[in-house]
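Colleague: Got a few minutes to go through this model with me? I'd like to hear the reasoning behind the labels.

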Amino acid sequence: MSTTPTPPSTAEDSPLLISTEGAVRVLTLNRPQALNAFTTGLLGQLRIALDEAAHDEAVRAVLITGAGRAFCAGQDLSDPHIKPEFDEHAGDVDPQRKPKAKDIGNLLDHYYIPLALRLRSMPVPTVCAVNGVAAGAGANFALGCDLVLAGQSASFIQAFSKIGLVPDCGGTWLLTRLVGRARAMQLALLGDKLPAADAQAWGLIARCVADAELQSEAMATAQKLAKMPTRALVQTRQALDASMDLEFEDALKLEAKLQSQLGYAHDYLEGAAAFLSKRAPVFKDR
Ligand code: T3D
């Protein structure tokens, strides 16, 4: 299985559209004919695009959304690249070798895990605008973002159980932390559709908004974050994630360690000075 992703393109027919609005990098999943389902090509392009945003000092927030009526239907179940190596290179292999079953773990190792880790370690805040159904890995990729907004007609489906799989792309970790074990089990076992309004009520996502306002609200949120002290926002993500596995005293110590680092940074000095002189701060740390 190849691990070298194709470079992203801004061509209209590219599976990933990339644009920039001010300091916000916008990534749009663009396979509407298949509800933006992930192919290995799209997964690779997404990872490269996130890498590029991470390394571009001018980018201070990332906004992710989908083209068409869906956000993402998860793994493209017809993607030829996920068929076994034996099938793809039938002429090259030992004819005595027996075909092995498709190793989905391999797909996760090479594509989903690097993508989920890249998303969760972004040096800038991430916003997801869930514009329609988010199923399987598509749901969990969305939930891996820092702030998730969804249109009222959007929904979340842990589709894995319906095809004999466990939640992946971080789903087991994310769901239990976001909604607790009982609701995580309900979502993961039954694989039923959870409407966006319920997702908000359950604490799975930050906000459910009117469909017509989703993109403008998400962009406004991303632009707001882009003007804020980026390093502090990212360390807040790290501290909140770490807190789930820490004793109270250890969480206090982690907070002190992070404040110690941030207290010497430009943004704290700027933030405090701006407050005292009653002017708007200009943050620049990343
Ligand atoms: O190899 C592995 O499996 C690795 C696993 C990785 C993790 C996963 O993500 S596993 C979960 C994979 N996703 C699913 O199981 C979801 C499958 N899709 C659905 O259940 C439904 O499509 C939705 C509930 C998401 C939406 O339903 P609906 O009625 O609004 O749309 P539809 O008619 O089902 O789909 C529209 C088209 O998109 C259709 O194509 P067509 O008939 O118009 O040519 C459908 O086949 C296509 N589509 C939808 N989901 C996928 C897909 N094509 C490929 N892969 C998909 N996941």
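Colleague: How many nonpolar, polar and charged residues does the lining of the largest pocket have?

Modeller: Keep in mind that this is a predicted model. By class, 16 residues of that lining are nonpolar, two are polar and five are charged.

Colleague: What is the volume of the largest pocket, and which residues are closest to its centre?

Modeller: The volume is about 550 Å³. There are 23 lining residues, and Arg-120, Cys-145, Asp-146, Leu-240 and Asp-241 are the closest to the centre.

Colleague: Which element gives the most to that lining?

Modeller: That's α8, with six residues. The elements that each supply at least two residues are β7 (147–151), α5 (171–190) and α8 (230–243).

Colleague: On to the ligand. What makes Arg-69 a polar contact of the ligand?

Modeller: The cut-off for a pair of N or O atoms is 3.5 Å. A polar side-chain atom of Arg-69 lies 2.8 Å from an oxygen atom of the ligand, and 2.8 Å is within 3.5 Å, so the pair counts.

Colleague: And which atoms of Gln-75 and Leu-77 lie at such distances from the ligand?

Modeller: For both, a backbone N or O atom. In Gln-75 that atom lies 2.8 Å from an oxygen atom of the ligand, and in Leu-77 it lies 3.0 Å from a nitrogen atom of the ligand. The protein covers 64% of the 1000 Å² of accessible area that the ligand has on its own.

Colleague: How many residues surround the ligand, and how do they divide by class?

Modeller: There are 23 around the ligand, with Arg-69, Ala-73, Gln-75, Leu-77 and Ala-137 the closest. The shell divides into 15 nonpolar, four polar and four charged residues.

Colleague: Why is Gln-75 called buried?

Modeller: Gln-75 has a relative accessible area of 15%. Buried means under 20%, so Gln-75 gets that label. Gln-75 sits in the loop between β4 (70–72) and α2 (85–88), and a polar atom of its side chain lies 3.3 Å from the backbone oxygen of Phe-38.

Colleague: Then why is Asp-13 called exposed?

Modeller: Exposed needs a value over 50%. Asp-13 has 69%, so Asp-13 passes. Asp-13 is found in the segment before β1 (16–21). The C-alpha atoms of Asp-13 and Arg-31 are separated by 8.3 Å, with the two residues 18 apart along the chain.

Colleague: What is the phi of Asn-36, and why does Asn-36 count as buried?

Modeller: The phi of Asn-36 is positive, about 60°, although Asn-36 is not a glycine. Its relative accessibility is 0%, which is under 20%, so Asn-36 counts as buried. The residue lies in the loop between β2 (24–29) and α1 (40–55).

Colleague: And Cys-169, buried or exposed?

Modeller: Buried, because its relative accessible area of 9% is under 20%. Cys-169 lies in the loop between β8 and α5 and has a positive phi of about 60° although it is not a glycine.

Colleague: One last thing: which residues line the largest cavity?

Modeller: Ala-139, Leu-143, Phe-156, Ile-157, Gln-158, Leu-187, Asp-192 and Leu-204. The elements giving two or more residues to that lining are α4 (137–143) and β8 (155–157). The cavity has a volume of about 40 Å³, and its lining divides into six nonpolar residues, one polar and one charged.

Definitions and conventions:
Residues numbered from 1 in each chain as written. Predicted model: local features only at pLDDT ≥ 70, side-chain atom pairs only at ≥ 80, totals over all residues. Heavy atoms only, no water. Near = heavy atom within 4 Å. Polar contact = N/O pair within 3.5 Å; in protein donor to acceptor, adjacent residues only side chain to side chain. Areas by Shrake-Rupley, 256 points an atom, 1.4 Å probe, with all protein chains shown as cover. Nonpolar A, V, L, I, M, F, W, Y, C, P; charged D, E, K, R; others polar. 1 Å grid on protein atoms, 1.4 Å probe; cavity = no way out; pocket = protein on both sides within 12 Å on 5 of 7 lines; lining within 4 Å. Points joined across faces, edges and corners; volume = space filled by probe spheres on them. Helix = DSSP H or I, 4+ residues; strand = E, 2+ residues; numbered from the N terminus. Buried < 20%, exposed > 50% of the residue type's maximum accessible area, 1.4 Å probe, protein only.
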